Amino acid sequence: MRSYQSHLQATQSAGEALVANRKPVLRSSAIFPVLHTTAYSSKVIFMGYWLLKRNIREVGLLYTLRNAGGTLLSRKYILLDSAKAWSIQMSEYDELLQELGEPDNFIGSLELEVFSTQDLVFPYPAFVLVYYNDTSSSVVHTVGRVYNDIEDLQQNNEYQVSESGFDIYGRDGLSPFLSFTNGPLTNENPLVTYELVNSQHQTLRGTFALAALKPYETVFIYLKDHIDLKPFLGDEPGMIRFGHNFSGFFPRFLVGNIDEPVRSISITHSYYDSSAIADTKAYWPRQDERFMDSSTSIPLYLTDGLFTKLVVYPIFSPSDFTLSFRFYDADGLFLGEVINARTFQSASQEYVQIDLGELAQQADIAVDDAKTAQLIAHWDDSTRIPTRLKFGLNVGYQNRPSALPSNVCFAPQVGNAKMLSKPGTFRWAPFVNVGDSEIALTNSAPLHGYDRSANVALSFYREADSSVLERNCVVPPNGLFTIRISDDAELRQFFGDASGWIAAKADNPFLNGYYFDFHPSGAVAADHLF
């Protein structure tokens, strides 16, 4: 893990000064575990955002398919010279997999490498992995990648930490897993250490070994094969800290749970466990009294059988804070608040899920009206605000066949006055378009008395060709603007049955949001905007 300040400098974020000896990024890559079985298939979707965000005329994309053992099966190259929507689907390899005798039982990896003669800034590209079948889908953005060079590896190993920050289940029928594709180095003795935390804040520790890892081998670790989860977790979700001795690749894992009876899967990515990191780089001292310590806004789904829960993981640097909630309608009208709804202490190891519908009702707020919640974290010790605070956004259905909600990894914004110097922002996200897709745009800032609207130019892109559909919208402060394909005949015709993308250019640096793909089965795919 690299420090947050180092990340800001390397990516030219929020007006940070560049490191004097910074090396330009000319290769940006991702490597995904992929499936093509009787239960699920996979695809990677993306848009040519480099042309819009970086004004790069074209980039090259090399994508490589390997089997589970790491054997190279296919390499293809395409030139990306359009901002259109793109999709690489496992069905593209049907003939190849038929020849290999694995037409409906394939597990392997898909590596995507973007090359440019201009600085790409980020070494990890904005790709989205989709696992899907006839009744469900789930999504996650770029997870692991193979380092560009030894300097890249060293910069990302500033701290050695476990991976965590996602939900696991022990009850019958649900199978939690971690997956990754090894880098180019053989690991003769891969070893895993783990620490479970359940809903009663109890911990359980242990270790287990894996078989030797070959270069580029893809591994799915089903936790129930190594840990007796049910007696410890019961019927409630919990979390795991996952330690390892893997090397040679960026260890951000594809993680999730499989609902085996209904063939539904929910994926997300792991995140840094910073609970043991307590040096000065781990904190962001309060710098400007105009700002709250840390806050963000999330869309609420509280009607039509849906629930929205916030998950707090005890993986932040040592500190104590309170969490408050403000509720607003879609127009940004303040509906009510719950001040200091919960206090968190790093020493207590509390894994907590907060039902925001129940919290709103406790404050006498009509759930039919509540469309956004602003999460406000406050530290009495203004010098101990962690730079990395991890939450989970769980949106799901009550009483549907699929028991798994989304589990979006997201973080609030710390109060950073340099954000005020940014004239606007550029966001983009997919319409997955496997189920009922929508994108929810939010406009919230960690500022006291925030009252600034976001005027947004929207551009829609499709897979079929380079046509662009243009629109405009206004997202009120603390409000919500939702684009729902099922309510939009023009977009349904424009995208057809394929995925699509939206690019949002705002005159406000605080525009943000999430995208969703809902299914009648109860499956919910979701992630945050890029």
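This report describes a sheet, two nonpolar cores and one pocket in a predicted model.

## An open sheet of five strands

Five strands make up an open sheet, and their order across it is β24-β23-β26-β21-β29, with antiparallel pairing. At the edges lie β24 and β29, the latter covering residues 413-414, and each of these two strands pairs on one side only. In general, the strands of a sheet are held in register with their neighbours through backbone hydrogen bonds, in either a parallel or an antiparallel arrangement.

At the β29 edge, strand β21, which spans residues 294-299, pairs with β29 in the antiparallel sense over two bridges. Serine 295 has glutamine 413 of β29 as its bridge partner.

## Strand β23 and its two neighbours

Strand β23 runs from residue 320 to residue 328 and is mostly covered, since seven of its nine residues are buried. On one hand it is joined by eight bridges to β24 (residues 334-345), and on the other it is joined by seven bridges to β26 (residues 372-378); the strands run antiparallel in the pairing with β24 and also in the pairing with β26.

Leucine 323 illustrates this position between two partners, standing opposite arginine 342 in β24 and opposite alanine 377 in β26. The connection from β23 to β24 is a hairpin with five residues between the strands, and in its turn glycine 332 has a positive phi of about 85 degrees.

## Two nonpolar cores

The largest nonpolar core contains 77 residues, and the members that touch the most other members are Phe46, Phe127 and Phe460. Separate from it is a second core of 43 residues, which includes Ala373, Ile385, Leu389 and Val524.

## The second largest pocket

The second largest pocket holds about 440 Å³ of space. Its lining consists of 21 residues, and those lying nearest the centre of the pocket are Tyr301, Asp304, Leu306, Glu438 and Arg484. Two elements give two or more residues each to this lining, namely β31 (436-443) and β34 (480-484). Of the elements, β34 gives the most, with four residues.

By residue class, the lining of this pocket divides into eleven nonpolar residues, six charged residues and four polar residues.

Technical notes: Residues numbered from 1 in each chain as written. Predicted model: local features only at pLDDT ≥ 70, side-chain atom pairs only at ≥ 80, totals over all residues. Heavy atoms only, no water. 1 Å grid on protein atoms, 1.4 Å probe; cavity = no way out; pocket = protein on both sides within 12 Å on 5 of 7 lines; lining within 4 Å. Points joined across faces, edges and corners; volume = space filled by probe spheres on them. Nonpolar A, V, L, I, M, F, W, Y, C, P; charged D, E, K, R; others polar. Core = buried A, V, L, I, M, F, W, Y, C linked by side-chain atoms within 4.5 Å. Buried < 20%, exposed > 50% of the residue type's maximum accessible area, 1.4 Å probe, protein only. Pairing = 2+ DSSP bridges.
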